[in-house]
Amino acid sequence: MQILILGAGVIGITTAYELSKAGHDVTIIDRKSKPALETSYGNAGLIAPGHSYAWTTPKLPKNLFMSLFEKQRVFRFKFQWDLAMWRWGLQFIRQCTHKKMAENTQRKNRLCLYSQKMLHQLVDETGVFYHQNREGLIYIFRSAKSFQDGRKKLEMLQPIMKNLQLLNHKELIELEPALQWTQSEINGGIYCKTDETGSCHDFTIQLAEICRDQGVNFYFDTTVKQVKISGDKIEKVVSDKGDFKADQYVLACAAYSPKIARMVGDYLPIYPVKGYSFTVPIIDMEKAPKHGGIDEDNLLAFSLMGNRIRFTSVAEISGYDTSCTPSDFINMVKFSNSLFPDAFEYSKIEYWAGLRPMTPNGSPIVGRGKMTNLYYNTGHGHLGWTMCTGSARITADLLDGKKSEIDLEGMTLDTL
Ligand SMILES: Cc1cc2nc3c(=O)[nH]c(=O)nc-3n(C[C@H](O)[C@H](O)[C@H](O)COP(=O)(O)OP(=O)(O)OC[C@H]3O[C@@H](n4cnc5c(N)ncnc54)[C@H](O)[C@@H]3O)c2cc1C
């Protein structure tokens, strides 16, 4: 079967890998000059089933409202006249109940665990190298209050993930000696031995090369402009470099997917949530962490990328703007330096901002909508790197008329 994939981020490339492995003739197009130059470029690198909590907590609506007045909040909202934002925002707010939060967490965790299994399979098959670090992740609580909240939240995942381990201050320092130099109080942590990290960008670039060797065709610098339909089928995709025809199509354009889905009459509840990251060289290995993790008080994620380290933070609902300036990173740099003082070379910092393609319930959208030959694999939010290999396999299975290996409730347009 001829398959055209729109979007060469980590989702498009993992889908191409699965589909070409299943024997299909795959073509992939992207408006950028290489794979993974948008959201999959500078993410935190965490593969974190042990942190697959839903973002939509009962406290979130108040936090977002307060951010209109306190601009430095980690979760923040900038007022805009954008109907798509308001439509999505109302659905997002409706998820902010205890019941929905527990359901959404369990669904995300199911996909994350499945995806991690698929990732290990893929790594065994291909030998792809992406600075993987399988030391586990540490979730650090500076204040007594955040530690208490963290323990409460843990009750949602602990029944499913038996390996989430509560650590007191002493145990945490024993596990991660770099924290002995931390310039703030630390009350304790949670350790998930099976969580891991790696560079999503390096992974995607290498996997794209493997796909190319398997016969996948790539068209870069090619922007989708229009989708022509005939009845309940896509007839062709019109781009600025000409038309593309296939038997089946997969849409993996992240926060831009709704704009393309609208051309075929489908509404996808996906909206961008901006995040910021910076990457710096490590100058003192002893003072740098061995594990990736999250500073839970500041929602500051970090992971090692070879001899560099990356920090990410902030969830900002502010439309499609991806610009950033050094002043956006003042707090992040301050928190990273107080956690691991004198470990990094801040004069060689690389700044980046990207758009998480968020759905209201935090899980991606897979399966079909109105078109019988269009499959969605999009809207992976803040855990797309963790979920990519699982949702790629699901998409390949669905396309081949097979049943998905996991329950897709809440991930398809008819069950949302
Ligand atoms: C700050 C930050 C930190 C994150 N940290 C983590 C983490 O630690 N762990 C984790 O699991 N996830 C994390 N994520 C989420 C993860 O990065 C995303 O979910 C994932 O990268 C989405 O992949 P994608 O392929 O859907 O999107 P993208 O990588 O954005 O790919 C979409 C592609 O579609 C192309 N495209 C769009 N429109 C068109 C068009 N009209 N024509 C042609 N091409 C088009 C784009 O050029 C792009 O290449 C983080 C995200 C951010 C922003």
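Q: How far does a backbone N or O atom of V224 lie from a nitrogen atom of the ligand?
A: This is a predicted model. Two N or O atoms count as a polar contact within 3.5 Å. The pair formed by the backbone of V224 and a nitrogen atom of the ligand lies at 2.9 Å.

Q: Which residue has a polar backbone atom 2.8 Å from an oxygen atom of the ligand?
A: Backbone atoms of several residues approach the ligand. A polar backbone atom of A44 is 3.0 Å from a ligand nitrogen. For the ligand oxygen at 2.8 Å, the backbone partner belongs to G381.

Q: How much of the ligand's accessible area does the protein cover?
A: Around the ligand there are 34 residues, and D30, S40, L46, G381 and T386 come nearest. On its own, the ligand has 1000 Å² of accessible area. The share covered by the protein is 97%.

Q: Which element gives the largest share of the shell around the ligand?
A: At least two shell residues come from each of α1 (10-21), β14 (271-281), β18 (350-358) and α10 (384-399). The largest share is three residues. They come from α10.

Q: How many residues of the shell around the ligand are charged?
A: The shell residues divide into three classes. Nonpolar ones number 14, and polar ones number 15. The charged residues number five.

Q: Is W86 buried, exposed or partly exposed?
A: W86 sits in helix α3 (residues 83-94). With F79 and W81, W86 forms a nonpolar surface patch of about 440 Å² accessible area together. Buried means under 20% relative accessible area, and exposed means over 50%. The value for W86 is 35%, so W86 is partly exposed.

Technical notes:
Residues are numbered from 1 along each chain as its sequence is written. This is a predicted model: local features need pLDDT of at least 70, side-chain atom pairs count only at pLDDT 80 or more; totals for chains, interfaces and linings use all residues. Side-chain values use heavy atoms; hydrogens and water are left out. Patches are made of residues with over 30% relative accessible area and no salt bridge: like charges are joined within 9 Å, nonpolar side chains (Val, Leu, Ile, Met, Phe, Trp, Tyr) within 5 Å. Accessible areas come from the Shrake-Rupley method with a 1.4 Å probe; for residues, only the protein chains shown count as cover. A salt bridge is a side-chain nitrogen of Lys or Arg within 4 Å of a carboxyl oxygen of Asp or Glu. Helices (H or I, at least four residues) and strands (E, at least two) are DSSP runs, numbered from the N terminus. Buried means under 20% relative accessible area, exposed over 50%, partly exposed in between (1.4 Å probe, protein chains only). A residue is near a molecule or strand if one of its heavy atoms lies within 4 Å of it. A polar contact is a pair of N or O atoms within 3.5 Å; within protein, one must be able to donate a hydrogen and the other to accept it, and residues adjacent in sequence count only if both atoms are side-chain atoms. Ala, Val, Leu, Ile, Met, Phe, Trp, Tyr, Cys and Pro count as nonpolar, Asp, Glu, Lys and Arg as charged, and the others, Gly among them, as polar.
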